Amino acid sequence: MAVSPDAQPIPQHIEAPTMPARLLSIPTVAAALDVDRRTVYRFIAAGDLPVVDLRTGPGRSRVRVPAASLDEFLSRRAVVMPTARR
């Protein structure tokens, strides 16, 4: 097999890019919001925080919050503090 003169050598070690966490556990979301995990479940029940349900068996579910959903949740709840009057 002939190798072209302009061929680049193949690196021996290619490091895969790290993938950001896309699905967050309830305790992780609770820590990020500085609230109890029951509060996170209330946000979910109210429809304010979408989840992905990863079924692990009959009658049992394991929910995860997409990182993008948490970002959107925070954006919707962000408030601008009024300037103080003098």
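**Helix 3, the nonpolar core and the aromatic pair**

Ser69 lies in helix 3. In this predicted model, the relative accessibility of Ser69 is 11%, below the 20% limit, and the residue therefore counts as buried. Leaving aside neighbours within four places in sequence, Ser69 is in contact with Leu49 and Pro50. Ser69 is one of the buried residues of helix 3, which are Ser69, Leu70 and Phe73. Viewed down the axis of helix 3, these buried residues fall within an arc of 100 degrees, so they line one face of the helix. The cover over the buried residues of helix 3 includes strand 1, helix 1, helix 2 and strand 3.

The overall arrangement was examined next. The protein chain contains 3 helices and 3 strands, and their succession along the sequence follows the pattern β-α-α-β-β-α. Of the 86 residues in the protein chain, 19% are buried. The chain exposes about 7,600 Å², of which carbon and sulfur atoms supply 56%. Among contacts between residues at least 6 apart in sequence, 43% join residues at least 24 apart.

The strands form an open sheet of 3 strands in the order 1-3-2, with antiparallel pairing. Strand 1 (23-24) and strand 2 (52-53) are the edge strands, each pairing on one side only. Strand 1 and strand 3 run antiparallel and are joined by 2 bridges. Within strand 3, Pro66 is the bridge partner of Leu23, and Val65 is the bridge partner of Leu24. Strand 2 likewise pairs with strand 3 in the antiparallel sense, over 2 bridges. For Asp53, the bridge partner in strand 3 is Val63.

In soluble globular proteins, nonpolar side chains tend to be buried together. The largest nonpolar core of the model comprises 13 residues, of which Val29, Val40, Leu49 and Leu70 touch the most other members. Two or more residues are given to this core by each of helix 1 (26-33), helix 2, strand 3 (63-66) and helix 3. Helix 1 gives the most, with 4 residues.

Two of these core members, Val40 and Leu49, were considered individually. Val40 is placed in helix 2 and is buried, with a relative accessible area of 0%. Apart from neighbours within four places in sequence, Val40 is in contact with Ile26, Val29, Ala30, Val35 and Leu49. The C-alpha atoms of Val40 and Val29 are 7.3 Å apart in space, while the two residues are 11 apart in sequence. With neighbours within four places in sequence again left aside, Leu49 is in contact with Val29, Val40, Phe43, Ile44, Val65, Ser69, Leu70 and Phe73. The contacts of Leu49 thus include Ser69 and Leu70, both among the buried residues of helix 3.

Phe43 and Phe73, both in contact with Leu49, were then examined as a ring pair. A pair of aromatic rings is described by the distance of the centres and the angle of the planes. The structure holds 1 aromatic pair. The ring centres of Phe43 and Phe73 are 4.9 Å apart and their planes stand at 50 degrees, so the pair is tilted. This assignment follows because planes under 30 degrees apart would count as stacked and those over 60 as edge-to-face. The pair links distant parts of the chain, with Phe43 in helix 2 (residues 37-45) and Phe73 in helix 3 (residues 67-77), 30 residues apart. Phe43 and Phe73 are both buried.

A backbone feature was noted outside the helices. Asp34 is found in the loop between helix 1 and helix 2. Although Asp34 is not a glycine, its phi is positive, at about 60 degrees. The relative accessible area of Asp34 is 70%, and the residue is therefore exposed. Val40, in helix 2, is by contrast buried, at 0%.

Key. Residues are numbered from 1 along each chain as its sequence is written. This is a predicted model: local features need pLDDT of at least 70, side-chain atom pairs count only at pLDDT 80 or more; totals for chains, interfaces and linings use all residues. Side-chain values use heavy atoms; hydrogens and water are left out. Rings of Phe, Tyr and Trp (its six-membered ring) pair if their centres lie within 6.5 Å; planes under 30 degrees apart count as stacked, over 60 as edge-to-face and the rest as tilted. Buried means under 20% relative accessible area, exposed over 50%, partly exposed in between (1.4 Å probe, protein chains only). Contact means heavy atoms within 4.5 Å. Accessible areas come from the Shrake-Rupley method with a 1.4 Å probe; for residues, only the protein chains shown count as cover. A nonpolar core is a set of buried Ala, Val, Leu, Ile, Met, Phe, Trp, Tyr and Cys residues joined through side-chain atoms within 4.5 Å. Two strands pair if DSSP finds at least two bridges between them. The arc is that of the directions from the helix axis to the C-beta atoms.
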